[in-house]
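Visitor: I have a chain on screen and would like to learn how to read it. Where do we start?

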Amino acid sequence: MPIAAEDQVHMIVTIFEHSSAHAGKAYSLLGPKEYTYPEACAEISNILGHDIIYEKTSLEAFRK
């Protein structure tokens, strides 16, 4: 799951302030565990106390 925007800002500001130390590096702006969509929905379901179901759809169906 993505990390909070506030945490991203802190990281980005640190990189800008100390750019030479971060030159050529890449950072993943994700939390400690990367979830698949079904896993994320299951986790959100547990938190909210009701089912959230991931349903894969085509790009065309999404556009409609």
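**Reading the chain step by step**

Guide: Start with the order of elements. Read along the sequence, this chain follows the pattern α-α-α-α. The model is a predicted one.

Visitor: How many helices and how many strands does the protein chain have?

Guide: There are 4 helices and 0 strands.

Visitor: What does the radius of gyration say about the protein chain?

Guide: Set the value beside that of a compact globule with the same residue count. For 64 residues, such a globule would have a radius near 11 Å. The protein chain has 17 Å. Then look at the box. Along the principal axes, the C-alpha atoms fill roughly 45 × 30 × 15 Å.

Visitor: Which C-alpha separations go with that picture?

Guide: Take pairs that share one end, Ala-23. Arg-63 is 40 residues from Ala-23 in sequence, and their C-alpha atoms are 39 Å apart in space. Glu-43 is 20 residues from Ala-23 along the chain, with a C-alpha separation of 36 Å.

Visitor: Where do Arg-63 and Glu-43 sit?

Guide: Arg-63 belongs to helix H4, residues 59–63. Glu-43 belongs to helix H3.

Visitor: Are Arg-63 and Ser-45 buried or exposed?

Guide: Compare each relative accessible area with the cut-offs. Under 20% is buried, over 50% is exposed, and partly exposed lies in between. Arg-63 has 60%, so Arg-63 is exposed. Ser-45 has 9%, so Ser-45 is buried. Glu-43, at 32%, counts as partly exposed.

Visitor: What share of the protein chain is made up of buried residues?

Guide: Buried residues make up 6% of the 64. The accessible surface totals about 5700 Å². Carbon and sulfur atoms account for 59% of that surface.

Visitor: Ser-45 is worth a second look. Which residues does Ser-45 touch?

Guide: Place the residue, then list its partners beyond four places in sequence. Ser-45 lies in helix H3, residues 37–48. Its contacts on that count are His-50, Asp-51 and Ile-52. There is a specific atom pair too. The Ser-45 side chain reaches the backbone nitrogen of Ile-52 at 2.6 Å.

Visitor: What polar contact does the side chain of His-22 make?

Guide: Look at which part of each residue takes part. In this case the contact is side chain to side chain: His-22 pairs with Tyr-27 at 2.6 Å. His-22 itself lies in helix H2, residues 19–22. Setting aside neighbours within four places in sequence, His-22 is in contact with Thr-14, Ile-15 and Tyr-27.

Visitor: Now a loop residue. Where does Tyr-54 lie, and what does Tyr-54 touch?

Guide: Tyr-54 is in the loop between H3 and H4. Leaving out residues up to four places away, Tyr-54 touches Tyr-37, Pro-38 and Cys-41. Tyr-54 and Thr-36 are 18 residues apart in sequence, and their C-alpha atoms are 9.9 Å apart.

Visitor: Why does Tyr-54 count as partly exposed?

Guide: Use the accessibility rule again. The relative accessibility of Tyr-54 is 35%, so Tyr-54 counts as partly exposed.

Visitor: Last topic, charge. How many positive and negative side chains are there, and how far apart are the centres of the two sets?

Guide: Count each sign, then compare where the sets are centred. The protein chain has 5 positive and 9 negative side chains. The centres of the two sets lie 11 Å apart.

Conventions: Residues are numbered from 1 along each chain as its sequence is written. This is a predicted model: local features need pLDDT of at least 70, side-chain atom pairs count only at pLDDT 80 or more; totals for chains, interfaces and linings use all residues. Side-chain values use heavy atoms; hydrogens and water are left out. Helices (H or I, at least four residues) and strands (E, at least two) are DSSP runs, numbered from the N terminus. Buried means under 20% relative accessible area, exposed over 50%, partly exposed in between (1.4 Å probe, protein chains only). A polar contact is a pair of N or O atoms within 3.5 Å; within protein, one must be able to donate a hydrogen and the other to accept it, and residues adjacent in sequence count only if both atoms are side-chain atoms. Contact means heavy atoms within 4.5 Å. The radius of gyration is taken over C-alpha atoms; the globule rule is 2.2 Å times the number of residues to the power 0.38. Accessible areas come from the Shrake-Rupley method with a 1.4 Å probe; for residues, only the protein chains shown count as cover. Lys and Arg count as positive and Asp and Glu as negative; His and the chain ends are not counted. The place of a charge is taken as NZ of Lys, CZ of Arg, CG of Asp or CD of Glu.
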